[in-house]
Amino acid sequence: MARLFFIFGIIFLFIFCYTPVRSNDQEGHITVDISNKGLDFLKDLLIEKAESSLLPLYLPKIENAVTIPIMGKVHMVLSNITVDRIDVISSNVRTSDNGIHIAVSGATANLSMNWKYSYSTSLVPIAVSDQGSATIGVESMEIGLILSLKNLQGSFKLSVLECGCNVKDILIKLDGGASWLYRGLVNAFEGTIISAVENAVSKKINDKIIKLDSVLQSLPKEVPITSIAALNITFLDDPKLSESSLDLEIDGLLSAKDETLVSNHYNKTLQPSFSCKEVDKMVGVSLHEDVLKSASTVYFEAKKMNWIVEYASDRYLLNTSVWRFIVLQLYKLYPDDDINLNISVSSLPTIKFGKQQIDATIPLDMVIDVSDAGEIIPVAGISMVISASIFAEILGNTVIGSVKLNDFSMSLDWSKIGDLHIRQVQLVISTVLKTVILPYVNGQLSKGHSLPVFHGYKLQDTQIVCVDSWIVFCSDVVSAKKFSLA
């Protein structure tokens, strides 16, 4: 029985710490709501990564011929043109029915390059040439990006609807060279350099989005939770985009590993009535009670919901010498023998998310065994129904839980030791529950599970709200270490 409570608690913690394709008319049992605050964080994160991952950005060699007074036609070549720095000054993100809009304004960039020229005139028939280096400062660069995020067989397909870059002005600084060379470079290459920067930035952004799409496509649709259970994280339908958030729906049900859970017996779910936007958090993760119901089904069918109680803090509590006052016949047949309580779940528990707690009603079969001369002898069978509540909270960066026993009842199924005074037996079992089982379970759940760190980022100031068959986690996200998508 301790294992049963522990299983419910630990699965609950694991499901939160990790958040076959269904048809599109199904609704998710886990929903993820990313607010504008969260989208701003993601946007800043991607831009910070883009500032480095786009670099170095190499532009193609540029050649041109320009006529210079007196000198005539001068052949000029720009090579090794490299964008080595991009600084984003201002940016914003918004969502709409058309997609995710990201706009960058006032960005600056630095370029380096090599220049070379040659010319000859009728007065000087010998070719004259020179070469050197230069830097280019890009001012007031603007970038606009519209992304589409669609569901493709349970994964997300990210694609570029529009991508444009506009450079308003550049400043060329030559290392050496005459003034006529500067004027010639500006006249001959300014527009070409601007176009080359705009095209190269747009192309590199498109390439990076394709790479990011490949990462999304490769994400698994199933995540192992324990040694026998896996969480289905297949995305359902397209993300819902509004002016204030991006909402995702995930299947969210558990199944035995390498098996597909048939979830037709789970009710269609409504969206949770509570939104994390009410508490100004970046992200909200909502779990429907069907998630824990599916977990209990997996463990029940795997016959993992059983436990043998063979030790108590008061060693005499599970000994026939104590039970002689309750069942004298038991003591006469097996004097001073140890007792084991073989407890197993007889049918699926009933689970309901209540106000700030998870309520469970658990039907149990308990067989009283006597250990006599090394032989385990069943002497009586009892049916029990236990009502308990599971509580969860966040302490620092750890999710912890606890279990409270609300009520339990018992009835005798069979006996080899005559009639039992069931109320007195219930009193002994109540003592075992309070002194053995619940302390063990709460001790394990109090250890908790650390909130996950994903690519160097972790949840912070997480709140838990239970409402309308849902449990909602609202959280901000902060950096734990340097982010990397390389």
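**Notebook: strands, pockets and low-confidence stretches**

I began at Arg-85, whose bridge partner in E6 is Asn-110. E6 is a strand in the DSSP sense (strands, E, are runs of at least two residues; helices, H or I, of at least four; both are numbered from the N terminus). The model is a predicted one, and I accept local features only at pLDDT of at least 70 and side-chain atom pairs only at pLDDT 80 or more, while totals for chains, interfaces and linings use all residues. I number residues from 1 along each chain as its sequence is written, and side-chain values use heavy atoms, with hydrogens and water left out.

**Entry: confidence**

I looked up pLDDT, the predictor's confidence in each residue on a scale from 0 to 100. The chain has a mean of 84, with 86% of its residues at 70 or more. Helix H1 (residues 2-18) is lowest, at a mean of 50, and strand E2 (residues 57-59) is highest, at 94. Residues 16-25 fall below 50, yet the model gives this stretch 30 contacts beyond near neighbours in sequence. I count a contact as heavy atoms within 4.5 Å. Residues 261-265 also stay under 50, with nine contacts beyond four places in sequence. Where pLDDT is low, the predicted coordinates should not be read in detail.

**Entry: the partners of E6**

I call two strands paired if DSSP finds at least two bridges between them. Which way do E4 and E6 run relative to each other, parallel or antiparallel? Strand E4 (residues 72-87) and E6 run antiparallel, and ten bridges join them. Strand E5 (residues 90-96) is also antiparallel to E6, over seven bridges. E5 and E6 make a hairpin with two residues between them. In the register of this pairing I noted Ser-96 opposite Gly-99 in E6, and Ile-100 in E6 as the bridge partner of Thr-95. E6 pairs with E7 as well, antiparallel over 17 bridges; there Ala-103 stands opposite Gly-144 in E7.

**Entry: the seven-stranded sheet**

I then traced an open sheet of seven strands, in the order E11-E12-E1-E14-E24-E23-E22, with antiparallel pairing. Strand E11 (240-241) and strand E22 (453-454) are at the edges with a single partner strand each, so one side of each has no neighbour in the sheet. Within the sheet, strand E1 (residues 30-35) and strand E12 (residues 245-250) are antiparallel over six bridges. Val-32 has Leu-248 in E12 as its bridge partner.

**Entry: aromatic pairs**

I paired rings of Phe, Tyr and Trp (its six-membered ring) if their centres lie within 6.5 Å; planes under 30 degrees apart count as stacked, over 60 as edge-to-face and the rest as tilted. The rule yields four aromatic pairs. One of them joins Phe-41 and Tyr-457, whose ring centres are 5.5 Å apart with planes at 80°, so I entered the pair as edge-to-face. Phe-41 is in helix H2 and Tyr-457 in strand E23 (residues 457-467), so the pair ties together parts 416 residues apart in sequence.

**Entry: a pocket and a cavity**

I searched for both on a 1 Å grid over the protein atoms alone (a cavity is a set of points where a 1.4 Å probe fits but cannot get out; a pocket is an open set with protein on both sides within 12 Å along at least five of seven lines; lining residues have an atom within 4 Å of a point). Grid points are joined across faces, edges and corners, and a volume is the space filled by probe spheres set on the points.

The second largest pocket has a volume of about 580 Å³. Of its 24 lining residues, Leu-46, Ala-50, Ser-53, Lys-208 and Ile-209 lie nearest the centre. Helix H2 (36-53), strand E6 (99-119), strand E7 (128-152) and helix H3 (179-218) each give two or more residues to the lining.

The largest cavity has a volume of about 30 Å³. Its lining is Gly-154, Ser-155, Leu-216, Leu-219, Pro-220, Lys-221, Ile-233 and Phe-235.

**Entry: backbone in two loops**

I found a cis peptide bond between Leu-55 and Pro-56, with omega about -10°. Pro-56 belongs to the loop between H2 and E2. Gln-153 is not a glycine but has a positive phi of about 55°; Gln-153 sits in the loop between E7 and strand E8 (155-175).
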